[in-house]
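Trainee: Hey, could you walk me through this protein? I'd like to learn how to read it bit by bit.

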Amino acid sequence: MFALIDCNNFYASCERVFNPNLNGQPVVVLSNNDGCVIARSNEAKALGIPMGAPAFKIKELLRQHNIHVFSSNYALYGDISARVMNILGNYSPELEVYSIDEIFLKLEGFDLFDLTEYGLKMIEVVKRSTGIPISVGIAPTKSMAKVANKIAKKFPARTRGAYVIQTPDQIEKGLKWTQIGDVWGIGRQYAKKLQNIQVFNAWQFTNLPDEYVRKEMSVVGLRLKRDLSGEPTLDLEEVAKKKNIAVTRSFERMYTDFEDIRERIATYAGKVSYKLRKQNSCCKLAYIFLHTNVHRDDLAQYHNGITVQMPYETNSSLVITKAVMTGLKRIYKEGYHYKKAGIIVMGLTPDTQKQLTFFYNEDPRHKALMQTIDKLNQNCFDQVKLGAQDLKKVWKMQQNHLSRRYSTRLTEVIEVKV
DNA sequence: TCTGGGGTCCTAGGACCC
DNA sequence: TCTGGGGTCCTAGGACCC
């Protein structure tokens, strides 16, 4: 059996942990630059706040209903997530942290357990230890556990947040209840295609011929069909090192000057290099892209990207920044209003397995330099930068509703008034 | 004025090898 | 008239996830 545990309205719930006045109140969390709604409490959902709604378009709605608005606070969410996962890891030796708010547990040898009780226990302990509400779905396969989790969340009164799918009858009922578009692995395109052939729920999907599924949805679809039919096909996946790492951001306003963009790109290059070093990887390639504002059809549009090669596998900010800059010069065109840019590093290798080249290799001093810079920045809040970066830091991300980093900064911990 | 930021896997087709 | 059979690697694009 597999369990899927998922935090309810995770970001909104994190905000509530340190601000209990928000319980029962509608809460939304916004994306970077306070752009769109990316998380909603149940109350906010009930008021009709759509996922992904641009904040400026629903300003009036937010005000009218006294909805509490937060900028995203990833320092807080990441830390709370780690605490929740840590606790849930006690419930099975085999686990897969699937996302910031989801974890799969493999429950092998739990035949003598009352799994519903086991799930309820998790809910209680996580709530008591972290303040975060979770839902638990348990079933014979991963994709079914997803279904069970959805049922648990949909019927809190009946399930108390934990639901087990096990008997053939429960399986059939659960799958028939699940609309095709809500199936894990079936997105918009496939849902449309399936509805066209009169497949409206998960049960009907499992009854399709293998050949059709294979042809229209590739082996990925076929694996899903098997798994959803009760044949365990999707297993826990190891938390592998990332194969790509990206830093991409929208600018808080549009930029036209090369100098401004150059500075921002240098900062992204520094960030992405740091991420590489954190997972002990080096990169061979970097893709850099530049976009104008897609929402301004009154302005000329220009999108372009380019892949640049590193002279050797590296995670040195100096080398990566330099390579990225040559790419930027080739794709930047004057006369456009740029709104977004990003860097994706690819072809990652562990830095212990670097392929050395005969003539050119990294200056060995870079490694020591990077280690020193990383260490300094950990203690001194990112004050050591390359000359090409934002030394003056004239730009600032819109974060007008940011809560404190309650659990990771000593200066921002909660105060108790006597 | 204002519209997020990450990831994964698979397939087809082209270029190349013997 | 008629032109083999087996591979690999890479990339772009399309689907999906949170």
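Mentor: Sure, and one term comes up right away: a residue is buried when its relative accessible area is under 20%, exposed when it is over 50%, and partly exposed in between. Keep in mind that this is a predicted model.

Trainee: Okay, let's try that out. Is arginine 16 buried or exposed?

Mentor: Arginine 16 has a relative accessible area of 14%. That is under the 20% cut-off, so arginine 16 counts as buried.

Trainee: And what does arginine 16 form a salt bridge with?

Mentor: With glutamate 43, and their closest N and O atoms are 2.8 Å apart. Glutamate 43 is partly exposed, at 26% relative accessibility.

Trainee: Where do those two sit in the chain?

Mentor: Arginine 16 is in helix H1 (residues 10–17) and glutamate 43 is in helix H2 (residues 42–46). They are 27 residues apart, so this pair links distant parts of the chain.

Trainee: Why would two side chains pair up like that?

Mentor: Side chains of opposite charge can pair when their charged atoms come close.

Trainee: How many salt bridges are there?

Mentor: The count comes to 21 salt bridges. Another one of them joins arginine 128 and glutamate 124, at 3.1 Å from N to O. Both of these residues lie in helix H5 (residues 115–130), four residues apart, which is about one turn of the helix.

Trainee: Why does that spacing matter?

Mentor: An α-helix has 3.6 residues a turn, so residues three or four places apart point the same way.

Trainee: Got it. And how accessible is arginine 128?

Mentor: Arginine 128 is exposed, with a relative accessible area of 57%, while glutamate 124 is partly exposed at 40%.

Trainee: What does aspartate 363 pair with?

Mentor: Aspartate 363 forms a salt bridge with arginine 365, and the closest N and O atoms are 2.8 Å apart. Aspartate 363 is partly exposed at 25%, and arginine 365 is exposed at 63%. Elsewhere, Lys193, Lys215 and Glu216 are joined into one network by salt bridges that share partners.

Trainee: New topic: which residues of helix H8 are buried?

Mentor: In H8, which runs over residues 168–177, they are Ile171, Gly174 and Leu175. If you look down the axis of H8, the buried residues fall within an arc of 95°, so they line one face of the helix.

Trainee: What do they pack against?

Mentor: Three helices: H6 (142–154), H10 (202–206) and H11 (210–228). The face of H8 turned away from the buried side carries the exposed residues Asp169 and Lys173.

Trainee: How many disulfides does the structure hold?

Mentor: Zero. For cysteine 36, the nearest cysteine sulfur belongs to cysteine 14 and is 20 Å away. A disulfide needs the two sulfur atoms within 2.5 Å, so cysteine 36 is in no disulfide.

Trainee: And what about cysteine 282?

Mentor: Cysteine 282 is in no disulfide either, as the nearest cysteine sulfur, that of cysteine 283, is 7.4 Å away. Cysteine 282 is buried at 1% relative accessibility, whereas cysteine 36 is partly exposed at 31%.

Trainee: Last one! Which residues make the nonpolar surface patch?

Mentor: Phe358, Phe359 and Tyr360 make that patch, which covers about 500 Å². Phenylalanine 358 is in the loop between strand S13 (349–350) and helix H14 (365–380), and it counts as exposed at 74% relative accessibility.

Definitions and conventions:
Residues are numbered from 1 along each chain as its sequence is written. Chains are lettered from A and ligands numbered from 1 in the order in which they are written. This is a predicted model: local features need pLDDT of at least 70, side-chain atom pairs count only at pLDDT 80 or more; totals for chains, interfaces and linings use all residues. Side-chain values use heavy atoms; hydrogens and water are left out. Buried means under 20% relative accessible area, exposed over 50%, partly exposed in between (1.4 Å probe, protein chains only). The arc is that of the directions from the helix axis to the C-beta atoms. Contact means heavy atoms within 4.5 Å. Patches are made of residues with over 30% relative accessible area and no salt bridge: like charges are joined within 9 Å, nonpolar side chains (Val, Leu, Ile, Met, Phe, Trp, Tyr) within 5 Å. Accessible areas come from the Shrake-Rupley method with a 1.4 Å probe; for residues, only the protein chains shown count as cover. A salt bridge is a side-chain nitrogen of Lys or Arg within 4 Å of a carboxyl oxygen of Asp or Glu.
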